[in-house]
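User: Please take a close look at the aromatic side chains and what surrounds them. I would like one connected account, beginning with the cysteines.

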Amino acid sequence: MRDPWGGPPDPTDAYAAPPGPGRHAGPPADPWSPMPPDATDSPCAPGAGVLPGGARRVSLRRAAAGDVWAAAPGPAEVLPGGSGGVATLTAPAPPLPPRTGRRAHARAKVRGEGRGFLARAAAVTAGLTAAGALLGLVRDQILAGYFGAGAETDAFLVAWTVPEFASTLLIEDAMALILVPAFSRALARRPAALAGDPVRELVRGTLPRLTLVVGVVAAFLVAAAPAVVDLLAPGLSDRALAVDCVRLTATCVLTFALVGYCSAALRAHHVFLPPATIYVAYNVGIIGAMVLLREPWGVRSAAAGVAVGGVFMVLVQLPALLRELRTRPGPVRRPERAAAGAGGEGRLVVVGLIAPVVAFSLIRQSQTLIERFLAAPLPSGAISHLNYAQKIAQMPMILSLMLCTVSFPMVARALAAGDPEGARRRVERDLLMAAVVVLAGAAVVIATAPRIVELLFQRGEFGRADTVATAAVMRVYALGLLGQTMVGALVRCYFSAARPLWYPAAAMAAGLAATAAAGVPGAAAWGAVGIAAANAAGITLTAVLLLRGAHRQTVPVRSGPLGEDLLRLAGAAAGATGAGWLCSVAIGPAALAVAVAALAAVAVLLLFLACSPRAPELPLLPRLSTRRRRTAHGRPHRAAPPAADASPVGGDVPLGHKHR
């Protein structure tokens, strides 16, 4: 056979198509010349090779004389065989272009990439958290109205320590601080995974072990309930009732662990609606149990409601989590070799990785244990006064931390993507916004404490003396609200990295030691008020230590400028407190007095932020000195910042005027 590329083809050439049905017989001709189609031809356009198995078409181009036939565009490969003896051309398929258009943009915004996502998520979380807090107030009102502030309520509140401790450890702090960064890293690896799904591997490696461990702990608490009561409140007047309540509430250890796991996974997926509904479901379960079981069970009905509410919390999140785990975005490539470290997140249960977070959460919640321990020998009702005062005083803190809860997955994603500067800007902005909210709430609480307690609780078994005692404790508790908020927000800077640090646990231990040292003489001298003052002093010390050490961590928060801005806000909050107190004492009806005092306090604080030249800048508050220009269509338009100072999506801004 001669060289097939040396000249015109002849009958001995191997690549000439033999005569057959649907083929043109006759003198040898160029096999690549176009021919009229017939019934046996491919439906593809002339000049295209069809690959076996439904592969893509490869267009052919004719090169200059003497050139080799090639696939266009892209590299081609000539292989033997093919239909009818004709060579089959193959070429690698180019990657699919990214989706564009309205639907793709909307899909990106749903997953947290749009500018308004953070605001919408915060609004949804705020609304549902406020609904859960209001239901919590209704729950406490029913508890106070049914059982008052006596020995029976004290026995239940000792058992209430178990769900309080479990919620902090398993829902709010430890579980979220461990799992949100872990799921964020797994989601960041998901598009590039060659084999398997990192998110599902993380679930398979952690959820069964977690369920086993917390199930054993719950069973142990049920069996050891008498010892738990003796440890928490020695000398309690109704020990048997407290033991029964502890056995009922101990079941929440298992359910709260599952709730915290689901919440962390969904927030890492930027799904915030189901996690925001958990406390609505929880309080609905407790309220329903108290209303239905009050007559036969007494205060034990509230303990049974804790068990029912824990189940409700799992049920409202489980469908959304299962839906997210079934969804795998993007095409899955054929595995060539297992990705390195594909199952690394399964080692999450290693003690060295989770111990710092667990230690911090345990020490933080131990403040409640110290309060109950110091209040147990006090006259009957002291534990109840501390509980009711704390529930009301902490509402501003809960509202202020909602933004940090929403933005924590963003911070973890930024660190996973190697953007510590973006994480720092977001954390600093969130700290200032949380401080404004909590200081406004603290001003209202301190100014109107007696009127708030009178409005919410003074009915049924809850008398005027209980109102006065609870209001005094509540005012002192409010002094530590800024410290509580800063601890809850700053600890995310330490625990957003792949390996958590021990410094937050050490700072929390120092604050706990200060609480215990000040609480013993405080309880002896001033009773419940002294215990509340020790709590405020200890948590404030922890906040100062965390702020001072934050600049050396993974998210390098600038502690100096941030501390100065917080002090200015605290000074403005003191003036707002005075304005609110004047309004509360001048107005008779409790509801009207609280409303007017709240408006006055918030107005004074916002006026300071808007007018004072030394007030910190916040992205959601306009400044009166800001100059605006009008565009051609007449709408006010703020001049764009320089490129070097441009803020990322989400409205992150630097702190203070000197950092503009």
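Analyst: With a disulfide taken as two cysteine sulfur atoms within 2.5 Å, the count in this predicted model is zero disulfides. Two cysteines illustrate the settings involved. Cysteine 262 has 6% relative accessibility and therefore counts as buried, whereas cysteine 583 is partly exposed, its relative accessible area being 22%.

For background, the protein chain contains 23 helices and seven strands. Of its 660 residues, 47% are buried. Among contacts between residues at least 6 apart in sequence, 75% join residues at least 24 apart.

Now to the aromatic side chains. Ring centres within 6.5 Å make a pair, and the count comes to nine aromatic pairs. One of them joins phenylalanine 256 and tyrosine 282: the ring centres are 5.6 Å apart and the planes stand at 75°, so this pair is edge-to-face. Phenylalanine 256 belongs to helix 8 (residues 252–268) and tyrosine 282 to helix 10 (residues 278–297), so the pair ties together parts that are 26 residues apart in sequence. Both partners are under the 20% limit for burial: phenylalanine 256 counts as buried at 2% relative accessibility, and tyrosine 282 is buried with a relative accessible area of 5%.

A second example is the pair of tyrosine 388 and phenylalanine 457, which is tilted, with 5.1 Å from centre to centre and 40° between the planes. Tyrosine 388 lies in helix 14 (residues 382–393) and phenylalanine 457 in helix 17 (residues 420–457), so here the parts tied together are 69 residues apart in sequence. Tyrosine 388 counts as buried at 0% relative accessibility. Phenylalanine 457 is buried too, with a relative accessible area of 1%.

The helix that carries tyrosine 388 deserves its own check. Helix 14 has 12 residues, which at 1.5 Å a residue should span 16 Å; the end C-alpha atoms are 16 Å apart, which agrees. Because 12 of the 12 residues of helix 14 are buried, the helix is largely enclosed by the rest of the structure. The buried residues of helix 14 include polar or charged names as well as nonpolar ones, among them Ser384, His385, Asn387, Gln390 and Lys391.

Back at the edge-to-face pair, Phe256 and Tyr282 are part of one aromatic cluster, which also takes in Phe156, Trp160 and Tyr279. Phe156 appears again in the largest nonpolar core: of its 152 residues, Phe156, Phe183 and Met474 touch the most other members. The largest share of this core, 18 residues, comes from helix 17. Leaving aside residues up to four places away in sequence, phenylalanine 156 touches Leu143, Cys245, Val299, Ala302 and Ala303.

One ring has a charge for company: the charged end of arginine 294 sits over the ring of tyrosine 146, 4.0 Å from its centre.

A last residue is found just before helix 10. Threonine 277 lies in the loop between helix 9 (273–276) and helix 10. At 18% relative accessibility, threonine 277 still counts as buried, since the cut-off is under 20%. Its contacts, not counting residues up to four places away in sequence, are with Leu128 and Val316.

Technical notes. Residues are numbered from 1 along each chain as its sequence is written. This is a predicted model: local features need pLDDT of at least 70, side-chain atom pairs count only at pLDDT 80 or more; totals for chains, interfaces and linings use all residues. Side-chain values use heavy atoms; hydrogens and water are left out. Rings of Phe, Tyr and Trp (its six-membered ring) pair if their centres lie within 6.5 Å; planes under 30 degrees apart count as stacked, over 60 as edge-to-face and the rest as tilted. Helices (H or I, at least four residues) and strands (E, at least two) are DSSP runs, numbered from the N terminus. Buried means under 20% relative accessible area, exposed over 50%, partly exposed in between (1.4 Å probe, protein chains only). A charge sits over a ring if NZ of Lys or CZ of Arg is within 6 Å of the ring centre and within 35 degrees of the ring normal. The expected span of a helix is 1.5 Å times one less than its number of residues. A nonpolar core is a set of buried Ala, Val, Leu, Ile, Met, Phe, Trp, Tyr and Cys residues joined through side-chain atoms within 4.5 Å. Contact means heavy atoms within 4.5 Å.
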